[in-house]
Amino acid sequence: MRIVLALTAICAVTSLAAAPHLYRQSRQIMGTFCEVQVYDSNSSRAEGAIRAALDEMARVDRLLSNYDPASELSAMNREAARFPFHVSAELFDFVQACRRFYEETTGTFDPTVGPIVRAWGFFTQHPAKPPDSAIETAKAKSGFDKVQLNERDRTISYSVPGLEIDPGGIGKGYAVDRAVQILKQEGISSALVSAGGSSLYALGRPPGRSAWRIAIKDPGNLQQLIGSVDLRDNSLSTSGVSEQSVQTGSHRYSHIFDPRTGDPAENMCQVTLVAATGIESDALTKAAFILSRESLLEIMKGWTGVRVLRVEGPCGARSVIWVTPGSAAVFHQGQQKSRRARQN
């Protein structure tokens, strides 16, 4: 009996010691705060994995930053209009992925929109509507159809001077994906990786729960929620006019542009999109912000597991919440008495 009791006590202590705890670290990367949360029973493994994941996000930033003149992407933007620029395998694969998203979103995701964004001053502290002539000049320097990729030589060329690739619409998602791969390699099975809160990936689930539940703030009143999202082994991205915009009189211009026209996207307040990876959710969020419901549903046929919640119209009580069919199991909407919620 004493032996049985002793063994029972040892098992109880071992079970308690093996219970997973939450570990988290954050770091300023890519101009925002990136955070990694991990549930694990081994503190050394958890903290080491988190550091490695954040280090990987910082490495991606050094590769893709268009603010750092020493980054490989900045060098490509400087030289690719002059001659075919030989790039690393990673950067080539990244630009190739951009091409895929550009083609499969009918051009609504286009990372060469940078000259237009710059013309509006969104890279500065004081954005403002530019003259029409400046917009036309910027449009002539934009368009992913002006980017040539040579797989054999692994070179990238721009057909017009002044064209540049801006990773801002997809880089955070890519960095999140790379961090998740590091966590998996380190033996982590439950984690949440966030880049500024707008690009996230949920690895596994927290102990005792079926998924990571992420709150969706009301863009018309950030003190309230419009609902939540359940994530498990998938990614979420959010884009909205509350992030950046230009107010001209009574008109509010979004920082998200329709690359096909060069104009700011209209009649959309916020989009939250769930997809299999961070790079997918980031890129597809831009398309979901710009396209009509019908066009969005059409391109979604080519993607598995994509779910969308849009806050359509002006931010505030007059907006309409619309979710794509089959999304009820992912998006949990709150009580919104002042707005209509639709799924069709």
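**Entry 1: the cysteines**

I began with Cys315, which in this predicted model is partly exposed, its relative accessible area being 26%. I then asked which residue pairs with Cys315 in a disulfide, and found that the partner is Cys269, with the two sulfur atoms 1.9 Å apart. The partner sits in another kind of surrounding: Cys269 is buried, at a relative accessible area of 1%, because the cut-off for that class is under 20%. I noted the torsion about the S-S bond of Cys269 and Cys315 as about 105°, so I recorded this disulfide as right-handed.

Where along the chain do Cys269 and Cys315 lie? I placed Cys269 in strand S15 (residues 268-275) and Cys315 in the loop between strand S16 (307-312) and strand S17 (320-323), so far as the assignment goes, with 46 residues separating the two and distant parts of the chain linked by the pair. The structure holds one disulfide. I also looked up two further cysteines, and both Cys34 and Cys98 count as buried, with 0% relative accessibility for Cys34 and 0% for Cys98.

**Entry 2: the chain as a whole**

I stepped back to the overall figures and wrote down nine helices and 19 strands for the protein chain. Of its 344 residues, 51% count as buried. Among the contacts in the chain with a separation of 6 or more, 58% are between residues 24 or more positions apart.

**Entry 3: helix H7 and its two partners**

I looked next at helix H7 (residues 171-185), which packs with helix H8 (residues 278-290) at an angle of about 165°, the axes lying 7 Å apart. That angle makes H7 roughly antiparallel to H8, because the class takes in angles over 145 degrees. The crossing of these two helices, H7 and H8, is right-handed. For the residues that meet, I listed Gly171, Lys172, Gly173, Tyr174 and Asp177 on the H7 side, and Gly278, Ile279 and Asp282 on the H8 side. By type, the residues of this contact of H7 with H8 comprise two nonpolar, three polar and three charged.

I then turned to helix H2 (residues 43-64), whose axis comes within 8 Å of that of H7, the two crossing at roughly 145°. H2 passes H7 in a right-handed crossing. From H2 the contact takes in residues including Ala49, Ile50, Ala53 and Met57, and from H7 residues including Tyr174, Ala175, Ala179 and Ile182. What is the make-up of the contact of H2 with H7 by residue type? I noted 13 nonpolar, one polar and three charged residues. Gly171 and Tyr174 of H7 appear in the contact with H2, and Gly171 and Tyr174 are also listed in the contact with H8.

**Entry 4: Asp282**

Since Asp282 is one of the H8 residues that meet H7, I looked it up separately, and I asked whether Asp282 counts as buried or exposed. At 4% relative accessibility, Asp282 counts as buried. Leaving aside neighbours within four places in sequence, I found Asp282 in contact with Gly169, Ile170, Gly171, Lys172, Gly173, Ser199 and Ser237. For Ser237 I also noted the C-alpha to C-alpha distance to Asp282, which is 5.5 Å, although the two are 45 residues apart in sequence.

**Entry 5: Val87**

I located Val87 in the loop between strand S3 (85-86) and helix H4 (89-104). Although placed in a loop, Val87 is buried, with a relative accessible area of 1%. Beyond neighbours within four places in sequence, its contacts are with Glu72, Met76, Phe92, Arg154 and Ile156. I also noted Leu73, 14 residues from Val87 along the chain, with 8.8 Å between the C-alpha atoms of the two.

**Entry 6: positive phi values**

Finally I looked up two residues with a positive phi. Asp233 has a phi of about 60° although it is not a glycine, and I placed Asp233 in the loop between strand S9 (221-231) and strand S10 (234-240). Asp233 counts as partly exposed, at 41% relative accessibility.

Asn267 likewise is a residue other than glycine with a positive phi, near 60°. Asn267 is found in the loop between strand S14 (263-264) and S15, the strand that also holds Cys269. Asn267 is exposed, with a relative accessible area of 62%, whereas Cys269 is buried.

Conventions: Residues are numbered from 1 along each chain as its sequence is written. This is a predicted model: local features need pLDDT of at least 70, side-chain atom pairs count only at pLDDT 80 or more; totals for chains, interfaces and linings use all residues. Side-chain values use heavy atoms; hydrogens and water are left out. Axes are lines fitted to C-alpha atoms, for helices over the stretch in contact, and angles run from 0 to 180 degrees between N-to-C directions. Helices (H or I, at least four residues) and strands (E, at least two) are DSSP runs, numbered from the N terminus. Angles under 35 degrees count as roughly parallel, over 145 as roughly antiparallel, 65 to 115 as roughly perpendicular and the rest as oblique. A crossing is left-handed if the near helix is turned anticlockwise from the far one by less than a right angle, and right-handed if clockwise. Contact means heavy atoms within 4.5 Å. Ala, Val, Leu, Ile, Met, Phe, Trp, Tyr, Cys and Pro count as nonpolar, Asp, Glu, Lys and Arg as charged, and the others, Gly among them, as polar. A disulfide is a pair of cysteine sulfur atoms within 2.5 Å. Buried means under 20% relative accessible area, exposed over 50%, partly exposed in between (1.4 Å probe, protein chains only).
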